[in-house]
Amino acid sequence: MTDSHERCVLRGEYIALDQLLKLHGAAGSGGEAHALVDAGEVRVDGAVDTRRRAKIRAGQRVEVSGALTIDVVAIRAPLSSMSTDQPDRRRGASSAVCSR
């Protein structure tokens, strides 16, 4: 993974940390995401966070192994103007549009 800075635009209240890591390619699976978190390789707002499914909200910054930084922001445009995949329909889950 090369050093990169990415942005994740939330369409809901939050996105789970493990889902965010998978969505941005930092982890290929939930197991890989959990291993990164358990190893202390993930920082949320500058502090190591070991909560695998921590609710990441707009305004937070996630750093992975010092190589990837993800800024999480709230949606500003109407949903119809954004190209997205199908939203996650689980209770309480959010969907997100991510850009690099």
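This dialogue walks through the strands, the surface and the salt bridges of the model above.

Q: What kind of model is this, and how are residues numbered?
A: It is a predicted model, where local features need pLDDT of at least 70, side-chain atom pairs count only at pLDDT 80 or more, and totals for chains, interfaces and linings use all residues. Residues are numbered from 1 along each chain as its sequence is written, and side-chain values use heavy atoms, with hydrogens and water left out.

Q: How many helices and strands are there in the protein chain?
A: Helices (H or I, at least four residues) and strands (E, at least two) are DSSP runs, numbered from the N terminus. Here the protein chain has two helices and eight strands. Along the sequence the pattern reads β-β-α-α-β-β-β-β-β-β.

Q: Which strands pair with S6?
A: Two strands pair if DSSP finds at least two bridges between them. Strand S3 (residues 42–44) is joined to S6 by three bridges, antiparallel. Strand S7 (residues 68–74) also pairs with S6 in the antiparallel sense, over four bridges. Take Val62 in S6: Val44 is a bridge partner, and so is Ile70 in S7.

Q: What lies between S6 and S7 in their hairpin?
A: Three residues separate the strands, and Ser65 takes a positive phi near 50°.

Q: Which face of S6 is covered?
A: Buried means under 20% relative accessible area, exposed over 50%, and partly exposed in between (1.4 Å probe, protein chains only). In S6 (residues 61–64), Val62 and Val64 form the covered face, while Arg61 and Glu63 form the uncovered one. Across the protein chain, buried residues make up 35% of the 100 residues.

Q: How many salt bridges are there?
A: A salt bridge is a side-chain nitrogen of Lys or Arg within 4 Å of a carboxyl oxygen of Asp or Glu. That rule gives five salt bridges. One of them joins Glu13 and Arg57 (3.0 Å, N to O). This pair links distant parts of the chain, 44 residues apart: Glu13 is in the loop between strands S1 (4–10) and S2 (15–16), Arg57 in the loop between S5 (55–56) and S6.

Q: Is Glu13 buried or exposed?
A: Glu13 counts as exposed because its relative accessibility is 55%. Arg57, at 33%, counts as partly exposed.

Q: What does the Asp38 and Arg52 pair tie together?
A: Their side chains meet in a salt bridge (2.6 Å, N to O). Asp38 lies in helix H2 (residues 30–38) and Arg52 in the loop between S4 (47–48) and S5, so the pair ties together parts 14 residues apart in sequence.
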